[in-house]
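Me: I'm new to reading protein structures, and I'd like a close look at how side chains pair up in this one. Could you walk me through the charged pairs and the ring pairs, and then the nonpolar cores?

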Amino acid sequence: MQHNNSKGPQVASLFPPKTPAALTLNPIPSSSPAFGTPAHTLKPFSIAPPSKATILPILLPPATLRPLAFRTFTKKHSLTLASTALQELATFIGRHCGSGWREEGLAEKVLEEVARSWKSRNGGVIVDGNSQELRDILKTLEGNMTGGRIGTAPELGRQNSFALDVAQESELSNTRLGLRPTSNLTREDTQTSFGMSSLGMPEDEPDDEGLNHPRNWLKVVNAFDQPRMLYNTSKKHFERDSTKASLMPPPSHRTSLFRNRYNVIHQRLLRNELFQSSAVAITKGPPSLKRSSSSGLTSQQTHKITPIANLLGRHGTHHMLLGMLSILPTGNLAINDLTGTISLDLSHATAIPENSAWFTPGMIVLVDGVYEEEEESIGKGLGASNGIGGVIGGRFQAFFIGQPPCEKRKATLGVSGLDGGQDHTIGGGFGWIDFLGVGSERAVGSKMRKLERRLLRQTQPDSDLPGRGRIVIIGELNLDQPRALQALRKILTTYAMEPEGSSPMTFILTGNFTQHAVMAGGGASGGSVEYKEYFDSLASVLTDFPTLLQSSTFVFVPGDNDGWASSFSSGSAVPLPRKAVPDLFTSRIRRAFTSANTEAGTRSGAGGEAIWTSNPARLSIFGPSHEIVLFRDDISARLRRTAVRLKTSSSDSDTGNQENEPPTAQSDSNSLRNTHDDDIEMGSALENTNSMEIDHSTSSNKTKPTSPDIPHDVQTARRLVKTILDQGYLCPFRHAIRPVHWDYGGALHLYPLPTALVLVDPTAPPFALTYEGCHVMNPGPVVVTGRRGVGRWIEYELGGTGRVRECLF
């Protein structure tokens, strides 16, 4: 009952009066006091439309999905879908897209995103359902799918991967291996996938100011950290070896090492037009290694490789073999491939081109000749007791022998046209394979070339100033020789006097860092203490050049006399690849770099560093754009010791009949100095050496030299370069001559050809040659032999050629 002071009658109120609500501490007005529901929202926001009902999973047969998957993966993206991958995709789409996978186009978008992500991850041309890459892609998609549709991945910092209009979709559908769209595709068009997107980074400028220097895009790839790639003959592409590497593997891995090396060269030959028969016109006649022009054979003649096992029962027939030269237990020379072994007679064989390469046991060569079956061996066939693969009775009478022609880097990666231009396309080849773990040519090649042009070509303030992309290559540096340290000090002084900001990008110093195997008791027999003192003396020299330590990267490559490998080899050939010099001996050098960077920490960004790497090692600059192989070995002397004696012509009998003998002493030092500064542009791989010309960009002599006028050092250098690059292998010797770690033999492959090869060999003359697009340099020892007070090194301009330089100290 409520009492009212008004004059009206007092009546019982059925409902409580509408009195104002008491003030509370809650400032939010409520439309429902019982539940405290706000009367209106605090901040206006757009209410999303209600999501679709939960997708009911279905069982989608793989055969039903196959036509759509074929159009997306094979026709549009040039990928091959394995049956296991099709099963995984059918299960995924049936679970997350439901019955609307076909009518609403949900499955097509899922397949499109999976194909793009697979290519951006460099998964290969065959999509395998058991691969970890496909599982990761499907797991990423599952977290971004709502109602059967793929949403935006906010953590990637980009727009929707499928925000493409009709014109862009039609352009992308025309992009295949070897086909270029009619219009230019922008970066957002071609790289909008989960694995390769802009990631919110601007195209023109890096996100970090420190990345504006080319040295920050340099990566040293250790031989033991390099991806181990194996060529799959059935899939016809490279795939990563998933087994764990070991320094003491089972004996079967030695056979796998030879098999992989043979398969790489064999597929390289089959890609060569000289070994591809025409379906239009085929000329009957025996094959021959004779060449008619720099482009190879005549248009009507091709080669065909015969497996050794197929020689059985074909007495007196003409064949061409591809196999490895080996020595039988009886001491005779033989050739073997994956099918068998046969005795080889090279008494009448001639090298093609003559005197252009070395041939030693352990090399894979092309041999042209006739099979002769012995009477006592008729019907013998292959016998398991005669060796691995079997030894065929009889012999193979060789008439011509040659190196397998190498393949240019652009042809291997499928690159054509000008770098970065409109005509720059990628088709065929192995452009999607990441051989070094720095990104494949297809994924990041175009971006890295644009970045290189911006940092090296367009930002040079003065054309007279030295370039920012220079690499200084210092040959064998014996620290136990005082003259070597004097020469090094003079070389570093030359670059320390240059204007600020124009220091070389990298200094490469190679061993042997001691003349003798000090760790094994050589030299003064000081052991490890004496060995460390030599590096301490090197640290004292480097300390005098703080500007170089602050702005350059120093890479140290060991030799056979360096620790710890030399402690048990006594300086003899150690297994390749070999590890870097231990940190125990190089601590003072690292301390010198730390001190120099600390002093300049307030003025500069990223400082210099010292990197101790393996032998061999690789430098990757701007991703796959530049690959430089570093290798230290006395390979020229080893080739002369183990080379096979071949028949020579009468014109060269006075100079070429002692192929396995060391070359004569050098003639005129003045003429040698002139040839050292010339960059030799070598001709075709299988063309006569007379066609090799001097590169006019670095040579003042415009005339083409004749064969007698070519200096002996140039001929020796050409012979060495052609042998190594044609083999595509840094150690083409028998394992008894130069051992190799079987599981790490892939680090010795030169396929695809690198852009540059630093082959430090004191037993060969210094040179800078270009062969099939690969620039090969040998600085020799830093102290010139026979010339007092002269130091020598090579200065290499990134993307250009090397120049042999000398100084007096």
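Reply: Let's begin with a term we'll need: a residue counts as buried under 20% relative accessible area, as exposed over 50%, and as partly exposed in between. Please keep in mind that this is a predicted model.

With that in hand, take the salt bridge between Arg-271 and Glu-407, whose closest N and O atoms are 3.0 Å apart. Arg-271 sits in the loop between α7 (252–270) and β10 (318–327), while Glu-407 sits in the loop between β15 (391–402) and α8 (409–413), so the bridge ties together parts that are 136 residues apart in sequence. The two partners can be sorted with the cut-offs above. Arg-271 has 28% relative accessibility, so it counts as partly exposed. Glu-407 has 10%, so it counts as buried.

The structure holds 26 salt bridges, and a few others are worth finding on your screen. Arg-590 and Asp-583 meet through their side chains at 2.8 Å, N to O, and Arg-590 is partly exposed at 30% relative accessibility. Another bridge joins Arg-787 to Glu-806, with the closest N and O atoms 3.2 Å apart. Here Arg-787 belongs to the loop between β28 (774–778) and β29 (790–797) and Glu-806 to strand β30 (residues 802–808), so the linked parts are 19 residues apart in sequence. Glu-806 counts as partly exposed, with 29% relative accessibility. Salt bridges can also join into a network, as they do for Arg-470, Glu-498, Glu-795, Arg-803 and Arg-805.

Now for the rings. The count comes to 21 aromatic pairs. In one of them, Tyr-495 and Trp-793 have ring centres 6.3 Å apart and planes at 75 degrees; planes over 60 degrees apart count as edge-to-face, so this pair is edge-to-face. Tyr-495 is in helix α10 (residues 482–496) and Trp-793 in strand β29, so the pair ties together parts 298 residues apart in sequence. Both Tyr-495 and Trp-793 are buried.

Compare that with Phe-507 and Phe-554: their ring centres are 4.8 Å apart and their planes lie at 10 degrees, so this pair is stacked. The two rings come from strands β19 (residues 506–510) and β20 (residues 553–557), so they tie together parts that are 47 residues apart in sequence. Phe-507 is buried at 0% relative accessible area, and Phe-554 is buried at 1%. Ring pairs also build a cluster from Phe-513, Tyr-531, Phe-535, Phe-556, Trp-564, Phe-585 and Trp-612.

That leads us to the nonpolar cores. In soluble globular proteins, nonpolar side chains tend to be buried together. The largest core here has 52 residues, and Ile-342, Leu-344, Leu-346, Leu-725 and Leu-757 touch the most other members. Helix α18 (residues 712–727) gives the most to this core, with five residues. Try clicking on Leu-757: beyond its neighbours within four places in sequence, its contacts include Val-629, Ile-724, Leu-725, Cys-774 and Met-777. Apart from this core lies another one of 40 residues, including Phe-507, Phe-585 and Trp-612.

One last kind of pairing is absent: the structure holds zero disulfides. Cys-406, for example, has its sulfur 8.4 Å from the closest cysteine sulfur, in Cys-774, which is too far for a bond.

Conventions: Residues numbered from 1 in each chain as written. Predicted model: local features only at pLDDT ≥ 70, side-chain atom pairs only at ≥ 80, totals over all residues. Heavy atoms only, no water. Core = buried A, V, L, I, M, F, W, Y, C linked by side-chain atoms within 4.5 Å. Buried < 20%, exposed > 50% of the residue type's maximum accessible area, 1.4 Å probe, protein only. Helix = DSSP H or I, 4+ residues; strand = E, 2+ residues; numbered from the N terminus. Contact = heavy atoms within 4.5 Å. Disulfide = S-S within 2.5 Å. Salt bridge = Lys/Arg side-chain N within 4 Å of Asp/Glu carboxyl O. Phe/Tyr/Trp six-rings, centres within 6.5 Å; stacked < 30°, edge-to-face > 60°.
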